[in-house]
Amino acid sequence: MFQRIVVPVDLTEKNVRAIEVAGELARHGGGEITVLHVIETLDAPFEELEDFYRRLEENAQTRMTALAKPLRSLGVVHKFQIRYGKRAPEIVFFSEEQQSDLIVITSHRVDPDDTTKGFLTISHQVAIVAPCAVLVLK
């Protein structure tokens, strides 16, 4: 059913569930997974912070490899991708470029009484404008 699945990760343990769910979907459907991490860029010339960004990228590669352990156990074809930019737009742009069938993303509970943080989490932003189906896990 889903052949090209994107799993955006923020490198925390909450992403393990999304990777496991995506892995099961890919295993049963013969699909492949791209584990995507977006490094949020600052409003400064990239070159001025290049060493900083490279260290973040090295850390991300290590963490993504660890998070993908369930995919290796399932024998699911997967790859890693790191992008730079604003998280929600980059997830959507990447999914569109890859002609993804599904995005599997984690979210946290939004407290409707706490209006100071707003209601639009990264996962909600992605779900609203994504070019494909989105599975949001809490």
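Right after helix α1 comes glycine 30, whose phi is positive, near 70°. Helices here are DSSP runs of H or I with at least four residues, strands are E runs of at least two, and both are numbered from the N terminus. The model is predicted, so local features need pLDDT of at least 70 and side-chain atom pairs count only at pLDDT 80 or more, while totals for chains, interfaces and linings use all residues. Residues are numbered from 1 along each chain as its sequence is written, and side-chain values use heavy atoms, with hydrogens and water left out.

Helix α1 itself takes in residues 15-29, and its end C-alpha atoms sit 21 Å apart, which agrees with the 21 Å expected for 15 residues at 1.5 Å a residue (the expected span being 1.5 Å times one less than the number of residues). Its buried residues are Asn15, Val16, Ala18, Ile19, Val21, Ala22, Gly23 and Ala26; buried means under 20% relative accessible area, exposed over 50%, and partly exposed in between, with a 1.4 Å probe and protein chains only. Among the elements covering them are β1 (4-8), β2 (32-40) and α2 (50-67).

Then there is the largest nonpolar core, a set of buried Ala, Val, Leu, Ile, Met, Phe, Trp, Tyr and Cys residues joined through side-chain atoms within 4.5 Å. Of its 25 residues, Ile5, Val7, Val9, Ile33, Met64, Leu71 and Val104 touch the most other members. Helix α1 gives the most to this core, with 6 residues.

Over in helix α2 lies phenylalanine 52, which counts as partly exposed because its relative accessibility is 35%.

Terms used:
Contact = heavy atoms within 4.5 Å.
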